[in-house]
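Here's a quick tour of a protein model, written for someone who likes to poke at pockets and helix faces. Take a look at the structure first, then read on.

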Amino acid sequence: MHELETRILDIDVEIIRKKMLELGAVKVKAENQTNNIFDFPNRQLLNNKGYARIRIAEDLLNNKNVYYMTTKKMISQDKFKVMEENEVIVDCPDTAENIFKTLGLELVQSIKKYRESYKYKNSLIEIDINDRNFCPFPYLEIETYSEDELQEIVNLLGYTMDDTTSKTIYEILGDRGLTPGL
């Protein structure tokens, strides 16, 4: 499935939370995540703006852990990032890691962050606060399948499309002279 994705950087987290409530958005996620990024030794996936990931999510709303095995591949990066995403919930992150390793992938990075997500219509608005050693600023990620809905959300939050970026987090960090640790 292809999703449209964009980011708004350097957000004021409290203002975004307040606007989400005013819009009637439903808080669907509050979680601490560890995102283990895997790639081939030659960085074939990351160099082509894709990756394999095992996410360990500490679901703070439901008091449980959930484990995801995911691959993502960028389809285009014009106005929005268009990503092909394949994801499955797994019972055991160690088994998922062994599957990736059997395929020749290796762990290249482990990223910790807090994510708070809101559902608005058919879209997901996510506040990301990463470990400051990886990314020192909070940002908003909007994921949807509708360009019109994406633009509506951006406007309702008080931004314009000029405030958004389709760049990957690695490109953003590189533009700011920050090393993403790969």
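## Helix H1 and its two sides

Before we get to packing, one cut-off: contact here means heavy atoms within 4.5 Å. Keep in mind too that this is a predicted model.

With that in hand, start at helix H1, which runs over residues 13–22. Its buried residues are Val13, Ile16 and Met20. They sit on the same side of H1, because they cover an arc of only 65 degrees around the axis. The general rule behind such patterns is that an α-helix has 3.6 residues a turn, so residues three or four places apart point the same way. What do the buried residues of H1 pack against? Three strands: E6 (106–120), E7 (123–130) and E8 (139–144). Flip to the face turned away from the buried side and you'll find the exposed residues Glu14, Lys18, Leu21 and Glu22.

The ends of H1 have their own details. Asp12 caps the N-terminal end, with a side-chain oxygen 3.1 Å from the backbone nitrogen of Glu14. Just after the helix, Gly24 takes a positive phi of about 80 degrees.

## Helix H4

Now for helix H4, residues 147–156, where the buried residues are Glu149, Leu150, Ile153 and Val154. Seen down the axis of H4, these fall within an arc of 140 degrees, so they line one face of the helix. Note that a charged residue, Glu149, is on that buried list.

The cover over the buried residues of H4 includes strand E1 (2–9), strand E9 (164–165), and also E6, E7 and E8. Those last three are the strands that the buried residues of H1 pack against. After H4 comes Gly158, which has a positive phi near 90 degrees.

## The pockets

The largest pocket holds about 880 Å³ of space. Of its 42 lining residues, the closest to the centre are Glu5, Arg7, Tyr51, Arg53 and Lys72. By class, the lining splits into 19 charged, 15 nonpolar and 8 polar residues.

The second largest pocket comes in at about 170 Å³. It is lined by 13 residues, and the closest to its centre are Phe40, Leu45, Tyr51, Thr71 and Lys72. H2, strand E3 (50–59) and strand E4 (64–77) are the elements that give two or more residues to this lining. The class count here is 7 nonpolar, 4 polar and 2 charged. Tyr51 and Lys72 turn up among the closest residues for the largest pocket and again for the second largest.

## Leu45 up close

Leu45 lies in helix H2, residues 44–47. Is Leu45 buried, partly exposed or exposed? At 23% relative accessibility, Leu45 counts as partly exposed. Leaving aside neighbours within four places in sequence, Leu45 is in contact with Phe38, Asp39, Phe40, Gly50, Tyr51, Ala52 and Leu105. Two of these partners, Phe40 and Tyr51, are also listed with Leu45 among the residues closest to the centre of the second largest pocket. The link to Leu105 spans 60 residues in sequence, with the C-alpha atoms 9.7 Å apart in space.

## Two odd backbone spots

Which residues have a positive phi without being glycine? Arg43, at about 60 degrees, is one of them, and Lys121, at about 50 degrees, is another. Arg43 is found in the loop between strand E2 (26–39) and H2, and at 24% relative accessibility Arg43 counts as partly exposed. Lys121 is found in the loop between E6 and E7.

Note on methods
Residues are numbered from 1 along each chain as its sequence is written. This is a predicted model: local features need pLDDT of at least 70, side-chain atom pairs count only at pLDDT 80 or more; totals for chains, interfaces and linings use all residues. Side-chain values use heavy atoms; hydrogens and water are left out. Helices (H or I, at least four residues) and strands (E, at least two) are DSSP runs, numbered from the N terminus. Buried means under 20% relative accessible area, exposed over 50%, partly exposed in between (1.4 Å probe, protein chains only). The arc is that of the directions from the helix axis to the C-beta atoms. A polar contact is a pair of N or O atoms within 3.5 Å; within protein, one must be able to donate a hydrogen and the other to accept it, and residues adjacent in sequence count only if both atoms are side-chain atoms. On a 1 Å grid over the protein atoms alone, a cavity is a set of points where a 1.4 Å probe fits but cannot get out, and a pocket is an open set with protein on both sides within 12 Å along at least five of seven lines; lining residues have an atom within 4 Å of a point. Grid points are joined across faces, edges and corners, and a volume is the space filled by probe spheres set on the points.
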